[in-house]
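Let us walk through this structure together, starting from a single side chain and working outwards. Keep the 3D view open as you read.

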Amino acid sequence: QVQLEESGGALVQAGGSLRLSCAASGRTFSRYAMAWFRQAPGKEREFVVYWSWSGSKSYGDFVKGRFTISRDSAKNAVYLQMNNLKPEDTAVYYCATAPFASTREVDYFNWGRGTQVTVSS
């Protein structure tokens, strides 16, 4: 099983940037899809982006070029660079793994505890 731990969340002003990290331990995740989801207060968890084990990527519609996922297999880590942050990006951000790339939360079986991102206006 893969253990995931997110970091990098912070309070940032609108228009600012953050880089989230997700460190994996345990089994190698090279054959897993990695994804970021987020959950804002009072809302359902929302798909942000995935990186499939073959290298394909898909972003949620709201991203609009502001976020970039990257992956370092040697370090067993995946990153989320977030630029031009908006107050509506405020949420807990989670990384997760799945045997195949999917935008659906139910397809992911390993989850980290999340990291809080707060964007002030």
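Does R38 count as buried or exposed? At 7% relative accessibility, R38 counts as buried, because the cut-off for that label is under 20%. Please keep in mind throughout that this is a predicted model.

R38 has a partner. Its side chain meets that of E46 in a salt bridge, with 2.8 Å from N to O. The other member of this pair sits in another class of exposure: E46 has 32% relative accessibility and therefore counts as partly exposed. As background, side chains of opposite charge can pair when their charged atoms come close.

Now turn to R66 and D89, whose side chains also meet in a salt bridge, here with 2.7 Å from N to O. This pair links distant parts of the chain: R66 lies in the loop between strand 6 (57-59) and strand 7, while D89 lies in the loop between strand 8 (77-82) and strand 9 (91-98), and the two are 23 residues apart. R66 is buried, and D89 is buried too.

A further pair to look up is D107 and R104, whose side chains form a salt bridge at 3.0 Å, N to O. With 14% relative accessibility D107 counts as buried, whereas R104, at 49%, counts as partly exposed. Going back to the earlier residues, R38, E46, R66 and D89 are joined into one network by salt bridges that share partners. How many salt bridges does a search of the whole structure find? The search finds five.

Next, consider an arginine that stands apart from this pairing. R71 belongs to strand 7, which covers residues 67-72. R71 is buried and yet has no salt bridge. The nearest side chain of opposite charge is that of D72, 8.8 Å away, and a salt bridge would need a side-chain nitrogen within 4 Å of a carboxyl oxygen. What does the side chain of R71 reach at 2.9 Å? It is the backbone oxygen of Y32. The R71 side chain also reaches the backbone oxygen of W51, at 3.2 Å.

Another place to visit is A77, found in strand 8. Its relative accessibility is 6%, so A77 counts as buried. Follow the view from A77 to S21: the two are 56 residues apart in sequence, but their C-alpha atoms are 7.0 Å apart in space.

With these sites in mind, zoom out to the whole chain. It has 11 strands and zero helices, so the pattern read along the sequence is β throughout, β-β-β-β-β-β-β-β-β-β-β. Among contacts between residues at least 6 apart in sequence, 55% join residues at least 24 apart.

How does the overall size fit? For 121 residues, a compact globule would have a radius of gyration near 14 Å, and the chain agrees with that at 13 Å. The C-alpha trace spans about 40 × 25 × 25 Å along its principal axes. Buried residues account for 46% of the 121 residues. On the outside, the chain exposes about 6,300 Å², and carbon and sulfur atoms supply 46% of that area.

Technical notes: Residues numbered from 1 in each chain as written. Predicted model: local features only at pLDDT ≥ 70, side-chain atom pairs only at ≥ 80, totals over all residues. Heavy atoms only, no water. Helix = DSSP H or I, 4+ residues; strand = E, 2+ residues; numbered from the N terminus. Buried < 20%, exposed > 50% of the residue type's maximum accessible area, 1.4 Å probe, protein only. Lys, Arg positive; Asp, Glu negative; His and termini not counted. Polar contact = N/O pair within 3.5 Å; in protein donor to acceptor, adjacent residues only side chain to side chain. Rg over C-alpha atoms; globule rule 2.2 N^0.38 Å. Contact = heavy atoms within 4.5 Å. Areas by Shrake-Rupley, 256 points an atom, 1.4 Å probe, with all protein chains shown as cover.
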